[in-house]
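Colleague: Could you take me through this model step by step, and say what each term means when it comes up?

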Amino acid sequence: MHERDIIIIGGGPSGVSTALHLASNFPHLLPRVLILEKARYPRPKLCAGGLVIDAEVILQRLGLDVGEVPHVDAERIHFDFGAKGLNIRVPKRHALRVIRRDEFDHWLARQAEDSGVEIREGVTVRNIQALKDYVIVQTDQGDFRARVVVGADGSNGVTRRCIFPRAPVNTARVLEVLTPSQPPPNTTMKILDAQSMFKSSDLGEVPRQGRWGSAYIDFFPVPSNIAGYVWDFPTQIHGEAMRCWGVYDTNMLASEKRPQLKEPLMKEMARLGFDLGNYELKGHPIRLFSPENQMSVPGVLLVGDAAGADPFLGEGISFALGYGALAACEIGRAFRRNEFSFRGYRRRVLSSALGQALIARWLLAQFMYAFKWKWFQILVWRILKPVVILIAWIFVLNWGKRS
Ligand SMILES: Cc1cc2nc3c(=O)[nH]c(=O)nc-3n(C[C@H](O)[C@H](O)[C@H](O)COP(=O)(O)OP(=O)(O)OC[C@H]3O[C@@H](n4cnc5c(N)ncnc54)[C@H](O)[C@@H]3O)c2cc1C
């Protein structure tokens, strides 16, 4: 049996951020840290790659410049209902930086290794047993004994399933597709089904021009019982301009009447001259935050999607990085006191700036998706613009600076 005091399961943003914050704030613990990652970098990760300002703030505090990673900057984020709504700009900077996750996660892992963090790639954790004084981590390459385990293994992670086998799993459904930045010439627009659940008046009529440079989030599927939105972000793959599209559904309005998840995406793409059938559609769940989510047992902490991502938009990279900072503090405190119960971790997460932002987004999701009627969505996104921007600015964004 191998021994290591601190084992982090998963080398995505939450796991690597935990290690980077340990390296930065508790360097004496660094030789005791080991990340186990089942894949090998650069590994694929289904994600639109939109980094909000909070993610960049956390990375800057660690002395890292995400500008080193290939990216596309969107100057505005449009929050629309039926192609009309409000747009958010951040003074003197981009509103959203869009990276590819294979490149971003690889870069982040290399930054951690440069700081002295050991990452073992190609090791799959199969089971975790939290015993009285230590935790056994069983992998496909032998067993480890640890004082502390951090479950950073994402929405389907083995850590959460082992420590909370009966807890409810609250996940969003998400589909994503990549296309070239422009529609192919002479595209035959998909004929929309006459039985469509989306009336044409719910969708904008004219394809938007000049979409490159802006990120779009459109809540038009909400009245048809899809508690979420369709997105369209500019991105790049190996320097080539592309678009990343997708559809997000919290599952809150689950109903037999709701259309197939890919339907609103197909319609939005068709409106802009793309035929979804020509591209590869991929899906992955996102485990959502709720104030009731359990986050630790003695010896084991959850971070990132394993603990819960933003339920309103499914945004999780900035929160994954932020959870890493909180978990590192928790681990530092545990070693200082030689007390590893992690009692109070959830309470401290909830009362942190990250926790407050997640609670605000959880409330927003309950509110915005429960009032699914078209007139309500129009009121919020098209008429109450200044109020919505103010609320978003105070309660929803900028938590990274406050933490
Ligand atoms: C389609 C889609 C689009 C999204 N778009 C955005 C977006 O634009 N912006 C945004 O902020 N968020 C977005 N998200 C959410 C974001 O991807 C997640 O919140 C984020 O990846 C969470 O990071 P994490 O480190 O917790 O988990 P992950 O990134 O999932 O990393 C988990 C790591 O653990 C490893 N692992 C898993 N199981 C094991 C095991 N048994 N043993 C060893 N290693 C293991 C995995 O290989 C992986 O490297 C999107 C999600 C989806 C599905």
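The conversation below goes from the whole chain to single sheets and residues.

Modeller: Please keep in mind that this is a predicted model, in which local features need pLDDT of at least 70 and side-chain atom pairs count only at pLDDT 80 or more, while totals for chains, interfaces and linings use all residues. Residues are numbered from 1 along each chain as its sequence is written, and side-chain values use heavy atoms, with hydrogens and water left out.

Colleague: How many helices and strands does the protein have?

Modeller: Helices (H or I, at least four residues) and strands (E, at least two) are DSSP runs, numbered from the N terminus. Counted in this way, the secondary structure of the protein comes to 11 helices and 21 strands.

Colleague: What is the radius of gyration of the protein, and what does the globule rule give?

Modeller: The radius is taken over C-alpha atoms, and the globule rule is 2.2 Å times the number of residues to the power 0.38. Along its principal axes the C-alpha trace spans about 65 × 40 × 40 Å. For 403 residues the rule gives 22 Å, and the protein is close to this value, so it is as compact as a globular protein of that length, with a radius of gyration of 21 Å.

Colleague: What percentage of the residues is buried?

Modeller: Buried means under 20% relative accessible area, exposed means over 50%, and partly exposed lies in between (1.4 Å probe, protein chains only). Of the 403 residues in the protein, the buried ones make up 58%.

Colleague: Which strands stand at the edges of the sheet S4-S8-S5?

Modeller: Two strands pair if DSSP finds at least two bridges between them, and here 3 strands form an open sheet with antiparallel pairing. One of the pairs is S5 with S8 (residues 96-99), joined by 4 bridges, and in it His71 stands opposite Ile99. Each edge strand has a single partner, so one side of each is left without a neighbour in the sheet, and these strands are S4 (50-51) and S5 (71-74).

Colleague: Which side chains along S5 are buried?

Modeller: The side chains of S5 alternate between two faces. His71 and Asp73 point to one face and are not buried, whereas the side chains that point to the other face and are buried are those of Val72 and Ala74.

Colleague: Which strands stand at the edges of the sheet S1-S12-S11-S10?

Modeller: This open sheet has 4 strands, and its pairing is mixed. Inside the order, S11 (residues 135-139) and S12 (residues 142-146) run antiparallel with 5 bridges, and Val135 stands opposite Ala146. The edge strands have a single partner each, so one side of each has no neighbour in the sheet, and they are S1 (2-3) and S10 (125-130).

Colleague: What is omega for the cis peptide bond between Tyr41 and Pro42?

Modeller: Pro42 lies in the loop between strand S3 (33-37) and S4. The bond that joins Tyr41 to Pro42 is cis, with omega at about -5°.

Colleague: Is His238 buried or exposed?

Modeller: His238 is found in the loop between strand S16 (228-237) and strand S17 (240-249). Although His238 is not a glycine, its phi is positive, at about 50°. The relative accessibility of His238 is 71%, so this residue counts as exposed.

Colleague: And is Phe342 buried or exposed?

Modeller: Phe342 lies in the loop between helix H6 (317-337) and helix H7 (345-351). Phi of Phe342 is near 55°, which is a positive value in a residue other than glycine. With a relative accessibility of 3%, Phe342 counts as buried.

Colleague: Which residues does Pro183 touch, not counting those up to four places away in sequence?

Modeller: Pro183 sits in the loop between strand S14 (171-180) and strand S15 (214-218), and at 29% relative accessibility it counts as partly exposed. The C-alpha atoms of Pro183 and Leu272 are separated by 7.5 Å, although the two are 89 residues apart along the chain. With contact meaning heavy atoms within 4.5 Å, the residues that Pro183 touches are Leu272, Gly273 and Phe274.

Colleague: Which residues is Ala353 in contact with, leaving aside its neighbours within four places?

Modeller: Ala353 lies in helix H8 (residues 353-370) and is buried, with a relative accessible area of 15%. Beyond those neighbours, Ala353 is in contact with Trp399, Arg402 and Ser403.
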